[in-house]
Amino acid sequence: MDADVTDSAGTPADPDLPAGDTPQGRSQGRSQEEPGATDPKEEPEPGAVPENDAPQDSGDEGEASEGGGGDGGQHGSDGKSAVGAQTWADHPKDGSASRRKRPWLRWAALGASFLVMISAGAGWWLYKKLDGNITTDTSAAAELKVYEKERPTPVVMDAQNILLIGSDSRSGDNREYGRDDGGSQRSDTTILLHLAADRKSATAVSLPRDLMVEIPKCRTGDDKETREQFTQFNSAFELGGTACTIRTVERLTGIRIDHHMVVDFNGFKDMVDAVDGVEICLKEPIDDKDARLELPAGRQTLNGEEALGYVRARKTLGDGSDTERMERQQKFLGALVNKMQSNGVLLNPTRLYPVLDAATKSLTTDPGLDSLRDLYDLVRSMRDVPTDQVQFLTVPRQPYRQNPNRDELVEPDASELFKQLREDKPVAVVPADELKEKEEEREKGKAQDEKPDDAGSDSESPTPTPTYSGSSAADDLCEQ
């Protein structure tokens, strides 16, 4: 065989062969005569290209030509490989044909990019719309900062205490529900919501609007200062707005309020409509003209307008007391929470959006909760709380001794409840009849503990979880 075959410069191009034709015979013949030419252990000849860097002449030229990476054994007269120009010259032609055959790929990519842009734009628009619905209460935050020194210190940092205030204002869209007294603020419902640090429970404590409490000095809307006074609780909201109400609750309970939300009538009504109504059961029919409510007895689903009348009705339901109305409100809110969780509203963006839209439209909150992201994080932290651990109760109260139309706290029960919440300790709630049975059993237990044989048994038993009359979101309103 010609010695030039092994030279790194290769053999000269064969003029008798057309461009791109590979001399398969010579390549195969060389492979048979020199089987060791491709042995990686063999020292390369001077000037040879390393095997790891480029295809070698000693390789199978037929395979190299077929793969488009070898020199095919053909070289130009200057000693450089000419196959690169000959082999890759065909590639643009093939690529152009491929592009002509598959133009839909480019259009599909453009269409997908367009849809992504549209979706992102729509998502941003929805986010900004919901975010813009929320009203920020900067005045309350400013006033609370002035009185920071007198406010309670948080005990458990990861726990959250949120004051929910239902506004009774008749101004604006709410004037249809009663006489507008110049747009004055009135707190119809106030709930202290405690979220446990581990987010395994949530306790909502209703504070009666007629509860007699100490209201501190507060600044009014026209920048005047009220005097400290002992009066009914809902006067705080009318005198000094949200900040005055928060300071009154903190003085009453010793619990630091982290956030607050004020929701008016329309916000509650629209939220009920957003979840397609809430089911209740009535033992007797209702016909209350003041509450604009007329309902038959039995199981039924209330829409937003009916639900608002149901939770506001006072004269024609139960004993007509505010305490009985608060219990009805608690049970309905529990049913609303249950409806949202059982129907997957919190986990379904399509269904969650109407709820968020309804809530944010009539929501006024502090700067710490005035963005959609803040609210979403709050809701998300609560979505795994079992419904039987979403508890509702009214602070222990009784008729005020000097005026039976007002309320006062029952001690030491109320202080014990506030201490449990302040220290993020568990609280249990049961229906009123079950609580009565438990109290009777406890009295019997005390009588037995007073016997000499049982001396010291109290010190060995664990401290029982305080139990109060109330309900949970897991309760069925039709089975009570």
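A cavity here is a set of points, on a 1 Å grid over the protein atoms alone, where a 1.4 Å probe fits but cannot get out. Grid points are joined across faces, edges and corners, and a volume is the space filled by probe spheres set on the points. Lining residues have an atom within 4 Å of a point.

Some ground rules. This is a predicted model, where local features need pLDDT of at least 70, side-chain atom pairs count only at pLDDT 80 or more, and totals for chains, interfaces and linings use all residues. Residues are numbered from 1 along each chain as its sequence is written, and side-chain values use heavy atoms, with hydrogens and water left out.

Now the chain as a whole. The protein chain has 15 helices and 17 strands. Those are DSSP runs, numbered from the N terminus: helices are H or I, at least four residues, and strands are E, at least two. There are 480 residues, and 40% of them count as buried. Buried means under 20% relative accessible area, exposed over 50%, partly exposed in between, with a 1.4 Å probe and protein chains only. The accessible surface is about 27300 Å², and carbon and sulfur atoms hold 50% of that. Areas come from the Shrake-Rupley method with a 1.4 Å probe; for residues, only the protein chains shown count as cover. Next, contacts, meaning heavy atoms within 4.5 Å. Take those between residues at least 6 apart in sequence: 65% join residues at least 24 apart.

On to the cavities. How many of 30 Å³ or more does a search of the whole structure find? Three. The largest has a volume of about 1200 Å³. Its lining counts 41 residues. Nearest the centre lie Leu 164, Val 263, Met 271, Leu 333 and Leu 336. Helix H10, residues 322–342, gives the most to this lining, with six residues. By type, the lining has 30 nonpolar, eight polar and three charged residues. Nonpolar covers Ala, Val, Leu, Ile, Met, Phe, Trp, Tyr, Cys and Pro; charged is Asp, Glu, Lys and Arg; the others, Gly among them, are polar.

The second largest cavity has a volume of about 50 Å³. Among the residues lining it are Asp 188, Arg 209, Asp 322 and Arg 325. Strand E3, 187–195, and H10 each give two or more residues to that lining. H10 has the largest share, four residues. The split is three nonpolar, four polar and four charged.

Next, helix H12, residues 372–382. Its buried residues are Leu 372, Leu 375 and Leu 378. They sit on the same side of H12, because they cover an arc of only 130 degrees around the axis. That arc is taken from the directions from the helix axis to the C-beta atoms.

Now Glu 305, in helix H9, residues 304–312. Glu 305 is partly exposed, at 30% relative accessible area. Its C-alpha is 5.9 Å from that of Lys 269, 36 residues apart along the chain.

Last, the backbone. Most residues other than glycine have a negative phi, and most peptide bonds are trans. Asp 276 has a positive phi, near 65 degrees. Asp 276 lies in the loop between helix H8 (265–274) and strand E8 (278–282). Buried or exposed? Asp 276 is exposed, at 56%. Asp 424 also has a positive phi, about 60 degrees. Its loop runs between H13 and strand E16 (428–430). Finally, a cis peptide bond joins Glu 411 and Pro 412, with omega about 10 degrees. Pro 412 is in the loop between strand E15 (403–409) and helix H13 (413–422).

How values were computed
On a 1 Å grid over the protein atoms alone, a cavity is a set of points where a 1.4 Å probe fits but cannot get out, and a pocket is an open set with protein on both sides within 12 Å along at least five of seven lines; lining residues have an atom within 4 Å of a point.
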